[in-house]
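Please explain how the parts of this structure are held against one another. The account should go through the side-chain contacts, the sheet and the helix that packs on it.

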Amino acid sequence: MQAGQPLLILGNSVRYLAQSAARHGHRVTGLDLFADRDAVAACQRMVRSGRRDAAGLVKVALDLDMPAETGWIYGAGFEAAPAQLHLLESLGPCLGNGPRTLELLSSPEQFFGLLDEQGISYPPVSFQRLQDPRGWLIKSAAGFGGLAVRDAVTGGPVDDRTDYYQRRLDGQVCSLTFLANGRDLEVLGINRLHAVDGNQGDYRFSTALSGFNPGQRPAQQMVEMAGKLTRALQLRGANSIDCLLDGDQLFLLELNARPPATLELYEEALPQGGAAAHIAACRGELLSPVGDRRVRGYRICYAERELVIGQFTWPVWCSDLPATGSRCEQGSPICGVHADGATAAQVERLLQERIEEIKLLIELSGQEAA
């Protein structure tokens, strides 16, 4: 796909991919649940879905007046209803893994069966209700961003179609971000991931930091896992695997078979940006990252209570900017903050300072708007 061609990007939040594709010259139509200010600025046309499910996104996409054979990229949001992606095939080529890959991943028994076939380790799982759920988590193959992870003791109802139990293990969660062309892969980097507060049962995604070194053996194991999955599923484009490092043991937690949030950490390292690298990989070309050894970090700022966004000037290190007057419910994401530095410690400190700064700016803007 040549720069300048129309491109549809849809999902829960498409801000980063839209910005990256627009920087490479694409005429982007974005469709997501938020239509944040910076997404609107990046897109030739930005549309907000009134419904918050995959079927709603697809319905709006099919009603758009798009040129014939418009390529489309999907992000997070289709895990619970991957079959919806089949309906988009009338628009033009899917630039990413096909719906059947997501359909396999949405079935826990098929996914863990695949891991068994490939000899890939993962924490113990159960597809049956447990007599004693202590020490187990309930997870959903239809979830993303940690939103569907909860402690099994207090986790509430279980959906037998997509939910499963997984033994909770201690350790560092990390991810490998990579490009794939159906056969080979190009590693972009390994990242350290943090939930909001796993010790308190809050597993929502909070922070990603590039430049994580899990040690030579675990790093090699992660590459081998990604390679096995690439060949088994003919993965294409940008993907990531999330893993748990427990001492010297590595367990695979999940495969994100679409451009992951961590792709943004490599935007500067990829000569034409992450979206272009994703598209090139879908077409068989694996682009290599170059010369960026700085640690880059991203953290989500969540609303601690219901609030209204007032008028103020957003710092340049913020992204996913809600429109003035937007109402944010308690616990919902408000925006993202970014930082980079020579070490992970520097970046984490800067991210925390910026989270506190942006929370204060939002609080003051809300008081003025009241």
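In this predicted model, arginine 305 has a relative accessibility of 41% and therefore counts as partly exposed. The side chain of arginine 305 meets that of glutamate 363 in a salt bridge, with 2.8 Å from N to O. The pair links distant parts of the chain: arginine 305 is in the loop between strand 14 (295–302) and strand 15 (307–308), glutamate 363 is in helix 9 (residues 344–369), and 58 residues separate them. Glutamate 363 is also partly exposed, since its relative accessible area is 29% and the partly exposed class runs between 20% and 50%.

A search of the whole structure finds 18 salt bridges. One of them joins arginine 23 and glutamate 267, whose side chains meet at 3.2 Å, N to O. Arginine 23 belongs to helix 1 (residues 15–23) and glutamate 267 to the loop between strand 13 (249–256) and helix 8 (273–282), so this salt bridge ties together parts that are 244 residues apart in sequence. The two ends have opposite surroundings: arginine 23 is exposed, at 55% relative accessible area, whereas glutamate 267 is buried, at 10%.

The loop between strand 13 and helix 8 also holds arginine 258, and glutamate 79 lies in the loop between strand 4 and helix 4. These two residues form a salt bridge in which the closest N and O atoms are 3.3 Å apart. The pair therefore ties together parts that are 179 residues apart in sequence. Here glutamate 79 and arginine 258 are both buried. Elsewhere, salt bridges link Arg15, Glu264 and Asp320 in a network.

Charge also meets an aromatic ring. The charged end of arginine 204 sits over the ring of tyrosine 302, at 4.2 Å from the ring centre.

Aromatic rings also pair with one another, and the structure holds seven such pairs. In one of them, the ring centres of tyrosine 74 and phenylalanine 78 are 6.1 Å apart and the planes stand at 75°, so the pair is edge-to-face. Tyrosine 74 is buried, with 2% relative accessible area, and phenylalanine 78 is buried at 0%. Another edge-to-face pair is formed by phenylalanine 112 and tyrosine 164, with 5.1 Å centre to centre and 70° between the planes. This pair links distant parts of the chain, as phenylalanine 112 is in helix 6 (residues 108–118), tyrosine 164 is in strand 8 (residues 163–167), and they are 52 residues apart. Phenylalanine 112 is buried at 2% relative accessible area, and tyrosine 164 is buried at 7%. Ring pairs join both residues to Phe111, Tyr122 and Phe127 in a cluster.

The sheet comes next. Four strands form an open sheet in the order 3-2-1-4, with parallel pairing. Strand 3 (45–48) and strand 4 (71–74) are the edge strands, each pairing on one side only. From one strand to the next, the twist averages 15°. Strand 1 and strand 2 pair in the parallel sense over five bridges, and isoleucine 9 has glycine 30 in strand 2 as its bridge partner.

Helix 3 lies across strand 1, strand 2 and strand 3, and runs at about 145° to strand 2. Which residues of helix 3 (residues 54–63) are buried? They are Ala54, Gly56, Leu57, Val58 and Ala61. The buried residues of helix 3 pack against strand 1 (6–10), strand 2 (27–32) and helix 4 (84–87).

Key:
Residues numbered from 1 in each chain as written. Predicted model: local features only at pLDDT ≥ 70, side-chain atom pairs only at ≥ 80, totals over all residues. Heavy atoms only, no water. Phe/Tyr/Trp six-rings, centres within 6.5 Å; stacked < 30°, edge-to-face > 60°. Buried < 20%, exposed > 50% of the residue type's maximum accessible area, 1.4 Å probe, protein only. Helix = DSSP H or I, 4+ residues; strand = E, 2+ residues; numbered from the N terminus. Lys NZ or Arg CZ within 6 Å of the ring centre and 35° of its normal. Contact = heavy atoms within 4.5 Å. Pairing = 2+ DSSP bridges. Axes fitted to C-alpha atoms, helices over the stretch in contact; angles between N-to-C directions. Salt bridge = Lys/Arg side-chain N within 4 Å of Asp/Glu carboxyl O.
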